[in-house]
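Work through the exercises below with the sequence and the 3D view at hand. Try each task before you read its solution.

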Amino acid sequence: MPALDPRNLPASEADIDFSDIEEKYHLTFNESFDNVVVVDNLPVVDESKLDRLLSVVKKIFKPAGTIKEDGLFMPTSIDPNSGKTMTQGYLFMEFNTPEQASAAIKQLDGFKLDKTHILAVHKYTDVERYATMNDTYKEPVIPPYEEREHLKSWLLDPKCRDQFVALRGDEVAVMANNKNGKPDTVFTRSKWTESYLQWSPRGTYLTTYHRQGVVLWGGASWSKIMRFIHPNVKLSDFSPHEKFLVTFSPDAINHEAVGMANPSENPFGPEDDGNHLCVWDIRTGNLLRSFPMPQMANKDTAGPSIKDAWPHFKWSSDDRYFARVVPGQMLSIYEAPSMGLLDRKSIKVEGISDFAWSPVPGRPGRLGTKGDANKPTDYTLAYWTPEMNNQPARVTLINVPTKEVLRTKNLFNTTDCKLYWHPSGEYLCVKVDRLSKTKKSTSSNLEIFLLSDRALPVETIELKETVVSFAWEPKGKQPRFAVITTVDPSAVQFNASGMAVQSVRNTVSFYEPEPLSKLKRAATNMTHGNFKCKNTLEKKPTTALLWSPNGRYIILGSLRSTTVWDMEFWDMDYPLDNKKNGATEMRLLTSPEHYGVTDVEWDPTGRYVVSYASAWRHSMENGFIVWDCKGTLLGKFTYEKFKQFLWRPRPPTLLTEEDKKRIAKKIPELAPKFEEEDLMSESAASSAVIMKRRRAVEEWNAWRAKAEKEYLEECQMMGKTPMYRSTSANAGDESANVETIEEWVEEVIEETEEVVE
Amino acid sequence: MRPILLQGHERALTQIKYNREGDLLFSVAKDNVINVWFSHNGERLGTYNGHQGSIWSVDVNSDSSLLISGSADNTARLWNVADGRLLHTWTSNTAVKRVQFSEDDKYVLMVTEQRMGFPGTILIFAVDPTTADQSDEPLNVIIPEPSKATVAGWGYLNKYIVVGHENGNVSLFDWNTGEVLKCVEDHEAIISDLQFSTDRTYFITSSKDKTARIYDSNTLECIKSYPTDTPLNSAVIVPAIKEFVVVGGGQEAMQVTTTSQRQGKFECRFFHKIHEDEVGRVRGHFGPINTIAFHPDGKSFSSGGEDGYVRVHHFDPDYYTFKYE
């Protein structure tokens, strides 16, 4: 504003320029219809029933928000046939705020008034927008077809090597593991990810995390396959078939703040605002649906942190369903890719805590027998509810999609449950932590549901101690599992980065079913008897059970401890030589120590295993060690700030059981050829090393000869005798200079006193 | 290999040095005494008393007649090796961090600390072994820019002096003119030690950046490098018998109390000089290793640690038969 000039004042009030003040205090009136919704698919009624209908509608919409006074307007028309004033099946509803209006849409769109009337609730502005849409068809621009790289090229490796990714400081390296434990680098890139790395479950994509979202990489060239914009993304999870991706960000989505250069790239719309979870289609990169965090029943108690309850959505193994619990209230099962609720509603289960899908569709032994073309697509889902309102805790098995309850089992004095499905889907083990009657000590029960029996019998194993870890053997002739138990699970203290500060004394037990006699087998139609403890190892510092993905081998690890770093490699089926009946026993193969070990990763084939010390937990000797499945050390690699190691998963094999057997039979035939190849590559490698070393020695000697010559020349030039001669020249007269020092040392070995008479 | 433990210091060792024949071992520490030992059995021959502060550096001339020491009491002192007499005291403005005789014993260099407004310098003095009074006037004063010198040494025939800097640079100075002839920037952190080969045509540097490097004395070409996983305080080239280098270090002294001996990495590490591969380690110290010296005959070596001990190691027969495959 120019300074006031007293010589040039405005002549009259009308001449004063108010425009700047007007601009500053300009009021915008709320002219938008954002708080108005249109409710469609209402029943068509005549005037006499209008009031009743309106009161019903009011009642339905009451939880969403406050409807303005006179905020309901239902257009009517006079029916030419009957002459009555009839409603037209829709009404306008004005809420106090636009937020309430959108809440009403979220909650009540699709509400079932009765069988024929499913409400359609929309924003008034949307109706207007779509009504004024341009009707002429505009051809969408189809981008030219781009051939995608072969995403599974790593499986074609002639040596069948497995790949892994290592995060060393800021540098990400994709490497291929070799038989000799010296991996080859496939690809490296600095600052590839801003936090950590993740493989998709079948190994196709490598996920990197960035402030703006996640990016998937893959193919032989490691190029960007797809990116998913989700600001401040922290966690992500793939569906088992890699069709869908779930991302989570602690920041609520604000579609205006995404800030893409090209607005069409913004995946979010106003309907996504305030949500934290997104489900994406990986192939197209489209956002399928965003979800808010579940509302807790009691708003004061925060739910379990998302990190502990990740993955938030659990997928059925065929990508068809995904589900989550709203803790304490309900189980919501959604269908993919439609993203709608199964049967359009959640299953209300008071107190529900956790659930788990059966790992394979159908019920083993009942549905979908071998060769059945109609593969089963139904799942068994198990969930549990804690003790509440004088009701005992309960484990329930239901069928999805029918929601039929298959079995319930009541549990008493329960403090916590964990659900563990056997990978075959034949068994479900529920680990139940119980308080003793005096409520002073805890112990655990294992409740094992047998799914292959129609009656779903439950076998209970009562333990005296508390189970801290449970693991099924992933593969094997018969179901086996290992448990770690301890007397007092709360005795262990952890530091800030999750490392145990003192060692623990745990018990490790191995269970397997008792063999049944032929007679009994025929009588009961069972293949195995009850589970029995086969072996117990006491006073072990073990904190982790790490089965090989192929079974048979297990590592008992003492991970994330500041005092012990033991790794015990056990063979559960060590063949006993002297007996030819295939008898085996459990045997400790080796128990090496990896100083500072924090994590152990088996490769997907079970041939190799890597233990690593991550800089995320401590900074002592960060790096990794490659072992074979028998605990032989193949290679040790230390890196400054080594953070993460992940084997690249493999997709499930396409071979049938018969194929596998045929190949296994051919191994003795083919083995010599492979051994020869190994020898060849080994000798080639060692000769390369020898060549390299020879060259290094030659270079060194050449340089020394040159430097010594120069030195002597300079000495001569300056007329000085060299102070030191080269070692070779000096070697001859060395013996003349040697001075021998002889030293006498007297030592009293024993002193005895004798009295001489 | 059972080391001989020399327990003559009450504080952390700073430097140890063999004389030319290797029969004597001189050691200095942060307590104010210089010790001299028989290297073959660890018997103490005597001490040189007089310094008022931590002693940072020591050197003996080639005929083992004169000893020079540099100390935090802002003096460098010249001693008679045989009877322990103090012959001369040079006074500086700041602590003397490094002293060394030239190859022909005619000169000494001193590296002084940068402190209290005084720049870090390299002073060159002439030493006359025949008379008692030495010149207090330096032949030259070099002020290394921009990073102060931490270590320095004489090249062969007094051609140059080689200087290691605080920022990791290694440079070649003409000591007459004070001119920088060459400078390389391989190391990323402070140079902690610099030791020559027997004929001084190449030398090894150790650095807090966890690597040791071998350089050509004339070209400053980095010939070899030995990366480790711990900050290094000392490095030495094995003078005879084996083509090795030995490096030592460990976690910073101030962090040691919070870490166990094992993760401190207080070991002497042997590397193959040509192939740059680690061939062995010698444990024993329970603090960082501050200084390592090798007997000129290559049959024994000593290490001095923050723990106040000098460990003298004589090799077992299998050291001589060891073959690098």
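**Exercise 1. Find the salt bridge of B:R77 and say how its two residues are covered.**

Step 1. B:R77 pairs with B:D73 in a salt bridge, and their closest N and O atoms are 3.3 Å apart. A salt bridge here is a side-chain nitrogen of Lys or Arg within 4 Å of a carboxyl oxygen of Asp or Glu.

Step 2. B:R77 has a relative accessible area of 10%, so it is buried. Buried means under 20% relative accessible area, exposed means over 50%, and partly exposed lies in between (1.4 Å probe, protein chains only).

Step 3. B:D73 is buried too, at 18%.

Step 4. Elsewhere, salt bridges with shared partners tie B:D229, B:E267, B:R269, B:E278, B:R281 and B:R283 into one network.

A note on the source: this is a predicted model, where local features need pLDDT of at least 70 and side-chain atom pairs count only at pLDDT 80 or more, while totals for chains, interfaces and linings use all residues. Residues are numbered from 1 along each chain as its sequence is written, chains are lettered from A and ligands numbered from 1 in the order in which they are written, and side-chain values use heavy atoms, with hydrogens and water left out.

**Exercise 2. Describe each chain by its elements and its buried residues.**

Step 1. Chain B has two helices and 28 strands. Helices (H or I, at least four residues) and strands (E, at least two) are DSSP runs, numbered from the N terminus.

Step 2. Chain A has eight helices and 42 strands.

Step 3. In chain B, 61% of the 325 residues are buried. In chain A, the buried share is 40% of 757 residues.

Step 4. Now take contacts between residues at least 6 apart in sequence. In chain B, 44% of them join residues at least 24 apart. In chain A, the figure is 50%. Contact means heavy atoms within 4.5 Å.

**Exercise 3. Describe the interface of chain B and chain A.**

Step 1. Count the residues. Chain B gives 30 and chain A gives 25.

Step 2. Look at the area. The two chains bury about 2600 Å² between them, with 57% of it on carbon and sulfur atoms. Buried area is the accessible area (1.4 Å probe) that two parts lose on being put together, summed over both.

Step 3. Look for charge pairs. The rule finds four salt bridges across the interface. A:R704 and B:D199 meet in a salt bridge, N to O 3.0 Å.

Step 4. Locate the side of chain B that touches chain A. Strand 20 (211-216), strand 21 (222-227) and helix 1 (261-264) of chain B each give two or more residues to it.

Step 5. Sort the residues on that side. Eight are nonpolar, eight polar and 14 charged. Ala, Val, Leu, Ile, Met, Phe, Trp, Tyr, Cys and Pro count as nonpolar, Asp, Glu, Lys and Arg as charged, and the others, Gly among them, as polar.

**Exercise 4. Which further salt bridge does A:R704 make?**

Step 1. The side chains of A:R704 and A:E708 meet in a salt bridge, 3.4 Å from N to O.

Step 2. Both residues lie in helix 6 (residues 657-718) of chain A. They are four residues apart, about one turn of the helix.

Step 3. A:R704 is buried at 9% relative accessibility. A:E708 is partly exposed at 23%.

**Exercise 5. Where does the salt bridge of A:R560 and A:D599 sit in chain A?**

Step 1. The closest N and O atoms of A:R560 and A:D599 are 2.4 Å apart.

Step 2. The pair links distant parts of the chain, 39 residues apart. A:R560 is in the loop between strand 35 (553-557) and strand 36 (567-575), and A:D599 is in strand 38 (residues 599-602).

Step 3. A:R560 is partly exposed at 27%. A:D599 is buried at 14%.

**Exercise 6. Place B:S197 and list its contacts.**

Step 1. B:S197 sits in the loop between strand 18 (191-196) and strand 19 (202-207) of chain B. Its relative accessibility is 7%, so B:S197 is buried.

Step 2. Leave aside neighbours within four places in sequence. B:S197 is then in contact with B:Y202, B:F203 and B:I237.
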